[in-house]
Structure formats: C-alpha cells, structure tokens
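Please open the structure in a viewer and keep the sequence at hand. The tour below proceeds by selections, one after another.

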Amino acid sequence: MRVWIIFLLCLAGHAAAAPTEEKPMDEALVPEEQQPMDEEPAMDEELVVDEPAVEDSVVQEEEAKEEEVGVNPVQVETDDFDEAIELEDDDVTENPCLQHQCKKGKVCEVDESNTPVCVCQDPSTCAPAEGVFEHVCGTDNKTYDTSCHFFATKCALEGTKKGHKLHLDYIGPCKDIEPCMDNELTQFPLRMRDWLKNVLVTLYERDEDNNLLTEKQKLRVKKIYENEKRLQAGEHTLDLLAHDFVKNYNMYIFPVHWQFKQLDMHPADGYLTHTELAPLRAPLIPMEHCTTRFFEECDADGDKYIALEEWAACFGIKEQDVDNDLLI
C-alpha cells in the first residue's frame with residue numbers, strides 16, 4: 001500500500017483546488033455479482049496532520065487521520081474494498097478457515113464435516129469506530145459506523161432488491177453534495193491528469209528497489225521525469241493545466257493507462273466495475289463533487305462497465321493513442 005500512501009503525500013497540495021461537496025452517489029454502476037469490493041476503504045469514502053499528554057496525543061492522531069481522509073483518492077488501502085481477504089496459511093490442518101477466503105461482510109466458519117464455509121458476519125461483532133474518519137456513507141444515504149458494519153449489513157440483504165442496489169458510496173458520514181454543473185465537469189479531468197502524472201514522477205524519484213514501480217514502468221516514467229518541458233507539481237490554474245495538456249500531450253498518455261491498470265484487478269479483464277473504481281472514487285467524492293457524474297459518463301455505452309477506450313476518452317486521450325501494451 002506504499003503506492004497509495006505516496007500518492008497522498010504527492011497530491012495533498014492539490015486538494016485545495018478541488019470542490020468540497022457533492023451529492024450522494026447515484027445508483028451503482030455495476031451489478032452486485034460483479035462487485036468484489038462493494039466498497040472502501042477503503043476507499044474504503046478514500047481515499048490522500050509542548051509535548052501533549054498521552055490522551056491528547058491519541059486525540060490528535062485521530063484528528064490527523066480524519067483530516068487525511070479524502071485528501072487524495074489513492075490514500076485508501078485497496079484491500080479495504082476487496083471481497084477476498086488475505087489469510088495466513090499457518091495451522092491449516094487444525095483450522096481450515098485459515099486458508100479460506102471470504103469476501104467483505106462474511107466470515108469463515110467450519111461445518112460439521114470440518115469444511116470451511118462463508119457466512120454473513122453479524123454487524124454487532126464489528127469493532128466500533130475509533131473516530132468519525134472511519135464512518136462510511138452507503139448509496140442508501142445512510143451513515144455506517146465502519147466499513148465492516150456496512151459490508152455485514154449488505155451481506156444480510158443479499159438476494160433482495162435493496163441489497164442489490166446498496167453499495168458503499170464514499171468515505172465519511174453522509175452529507176449533502178452539490179450538483180455538478182456542465183462547466184465543472186470539464187474541469188475534473190484537468191486536475192486528475194495532473195495528479196496521475198505527478199504521482200508517477202514521485203514514485204519514480206523514491207523507487208530504489210522496484211517496490212513501487214516495475215522496471216518497464218520506470219522506463220516509461222523516466223521519459224516524463226527527464227523532460228525539461230514537464231509542468232512541475234504545484235497549484236496551477238485550470239487554464240494552465242489545459243494549455244499544458246495540449247502542449248505536452250504525450251506526457252499524459254501513460255499515466256492515464258497506468259491508473260486504469262491499477263484499478264482493473266478484480267478481475268483483471270480490461271473493464272472497470274463500480275467496485276474496482278471504489279479505491280479512487282470513494283475518498284474523492286467528498287472533495288470533488290463531480291466525481292460521481294464523471295465516472296458515470298465515462299460509461300459511454302451504458303453497459304455498467306468502463307472499457308479502456310472509454311476511460312481514455314474521459315481523460316482526453318485520443319483513440320489512436322489507446323494502447324493495451326501500456327497496461328504494464
């Protein structure tokens with residue numbers, strides 16, 4: 001998750017330029033059966049703070065965490081949105097559940113034949129929130145204490161119309177989010193493209209052992225990093241961002257492809273579902289009120305999936321520059 005944390009550090013400075021409110025998210029983009037991370041956080045609503053007494057220190061730490069939530073989407077740990085939960089392999093013979101994976105909202109139990117099965121978790125067994133920064137808002141416009149409470153509740157509603165429509169909308173308590181106007185919608189990709197380019201440059205600068213970027217990715221980013229015409233990170237006007245995209249268009253092609261690949265993981269099939277977008281979208285909604293509308297309109301054919309071509313078009317990448325070989 002170091003990539004997400006560094007993304008937050010890189011882009012926290014851009015958050016000031018973003019709107020602060022938005023309306024609760026519309027109905028989910030994807031059918032429930034396609035949603036391995038019916039969200040979180042992760043993003044898991046994401047995702048980018050004299051010596052005090054011990055009690056004051058704890059309060060300050062919680063306040064710092066709350067302040068960080070939503071600063072930048074990729075601060076959210078993606079596994080908070082994953083249906084599958086990584087489990088240890090120790091003592092498998094004694095407890096088969098240790099190597100059995102259950103999606104969010106379910107826990108493993110052993111039946112009479114010592115076979116592991118996944119059952120819905122009782123929301124009352126979820127740990128209480130340590131602060132408001134752990135609250136999440138569902139698409140039912142209801143605030144849940146934690147993502148654990150949300151997914152456990154959703155699991156109990158499986159097979160019902162309400163459960164099919166219920167998804168995690170964003171990180172934080174539910175609130176009123178203003179509508180996204182047409183002119184505001186055109187500004188959204190300007191900031192997003194700049195974020196993606198700058199986060200890759202930051203990863204390149206800090207990657208000494210390929211834990212952040214692969215060698216192939218580093219070769220691509222190196223060309224951007226060494227380009228003297230690159231617009232340096234910082235707060236820029238929308239006019240400058242638009243001008244730079246036209247002038248240095250080639251620098252933005254790989255970052256857009258890179259972000260698509262980072263999200264396309266459950267499964268990695270060349271399409272983004274509602275839940276795959278969650279680590280990016282959920283923390284972003286409270287500060288970028290055009291987030292929901294932007295991703296909905298990326299689904300140009302309305303099939304509830306965003307293909308690479310649709311994703312690239314949303315960010316202004318020309319059709320002839322969409323390249324599956326850049327999904328590395």
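**Loops and strands**

Begin by selecting N141, which is found in the loop between β3 and β4. This is a predicted model. With a relative accessible area of 45%, N141 is partly exposed. Its phi is near 60°, a positive value in a residue other than glycine. Most residues other than glycine have a negative phi.

From N141, extend the selection to the strands on either side. Strand β3 covers residues 136-138, and two bridges join it to β4 in an antiparallel arrangement. Display V136 and, opposite it in β4, Y144. These strands belong to an open sheet of three strands in the order β4-β3-β5, with antiparallel pairing. The edge strands, each pairing on one side only, are β4 (143-144) and β5 (168-171). Strands of a sheet pair through backbone hydrogen bonds.

Next, go back along the chain to the loop between β2 and β3. Two stops lie there: P123 and E134. P123 is partly exposed, with a relative accessible area of 29%. Its C-alpha atom is separated by 9.8 Å from that of T146, 23 residues away along the chain. E134 is also partly exposed, at a relative accessible area of 25%. Select C148 together with E134: the two are 14 residues apart in sequence, and their C-alpha atoms are 9.8 Å apart in space.

**The hairpin**

Now select residues 106-110, strand β1, and residues 116-120, strand β2; the two run antiparallel and are joined by five bridges. Within this pairing, E109 has V117 of β2 as its bridge partner. The two strands form a hairpin with five residues between them. What is the phi of N114 in the turn? The value is positive, about 65°. N114 counts as partly exposed, at 41% relative accessibility.

**The helices and the largest core**

Turn to the helices and select W258, F294 and W311. These are the residues with the most contacts inside the largest nonpolar core, which has 44 residues. To see where this core comes from, colour α6 (188-206), α7 (215-225), α9 (250-263), α10 (274-281), α11 (291-298) and α12 (308-314), each of which supplies at least two of its residues. The greatest contribution is that of α6, with nine residues. A second, separate core of eight residues includes V136, Y144, F150 and L168.

Keep α6 in view and add helix α8, residues 238-247. The two helices pack at an angle of about 65°, with their axes 9 Å apart. An angle of 65 to 115 degrees counts as roughly perpendicular, and α6 and α8 are therefore roughly perpendicular to each other. The crossing in which α6 passes α8 is left-handed.

Which helix should be selected next? Choose α9: twelve of its 14 residues are buried, so it is largely enclosed by the rest of the structure. The buried residues of α9 include Y252, F254, W258 and F260. M251 also lies in this helix. Its relative accessible area is 5%, and M251 is buried. Display R220 as well: the C-alpha atoms of M251 and R220 are separated by 9.5 Å, although the two residues are 31 apart along the chain.

**A cis peptide bond**

Beyond α9, select P267, in the loop between α9 and β6 (271-272). The peptide bond from H266 to P267 is cis, with omega near 0°. Most peptide bonds are trans.

**Two buried polar contacts**

Two last selections show side chains in contact with backbone oxygens. Is R281 buried or exposed? R281 is buried, with a relative accessible area of 0%. It is found in helix α10, and its side chain reaches the backbone oxygen of L168 at 3.2 Å. L168 is itself one of the residues of the second core.

Finally, select T291, which lies in helix α11. At 0% relative accessibility, T291 counts as buried. A polar atom of the T291 side chain lies 2.7 Å from the backbone oxygen of E288. The tour ends at this contact.

Technical notes
Residues are numbered from 1 along each chain as its sequence is written. This is a predicted model: local features need pLDDT of at least 70, side-chain atom pairs count only at pLDDT 80 or more; totals for chains, interfaces and linings use all residues. Side-chain values use heavy atoms; hydrogens and water are left out. A nonpolar core is a set of buried Ala, Val, Leu, Ile, Met, Phe, Trp, Tyr and Cys residues joined through side-chain atoms within 4.5 Å. Buried means under 20% relative accessible area, exposed over 50%, partly exposed in between (1.4 Å probe, protein chains only). Helices (H or I, at least four residues) and strands (E, at least two) are DSSP runs, numbered from the N terminus. A polar contact is a pair of N or O atoms within 3.5 Å; within protein, one must be able to donate a hydrogen and the other to accept it, and residues adjacent in sequence count only if both atoms are side-chain atoms. Two strands pair if DSSP finds at least two bridges between them. Axes are lines fitted to C-alpha atoms, for helices over the stretch in contact, and angles run from 0 to 180 degrees between N-to-C directions. Angles under 35 degrees count as roughly parallel, over 145 as roughly antiparallel, 65 to 115 as roughly perpendicular and the rest as oblique. A crossing is left-handed if the near helix is turned anticlockwise from the far one by less than a right angle, and right-handed if clockwise.
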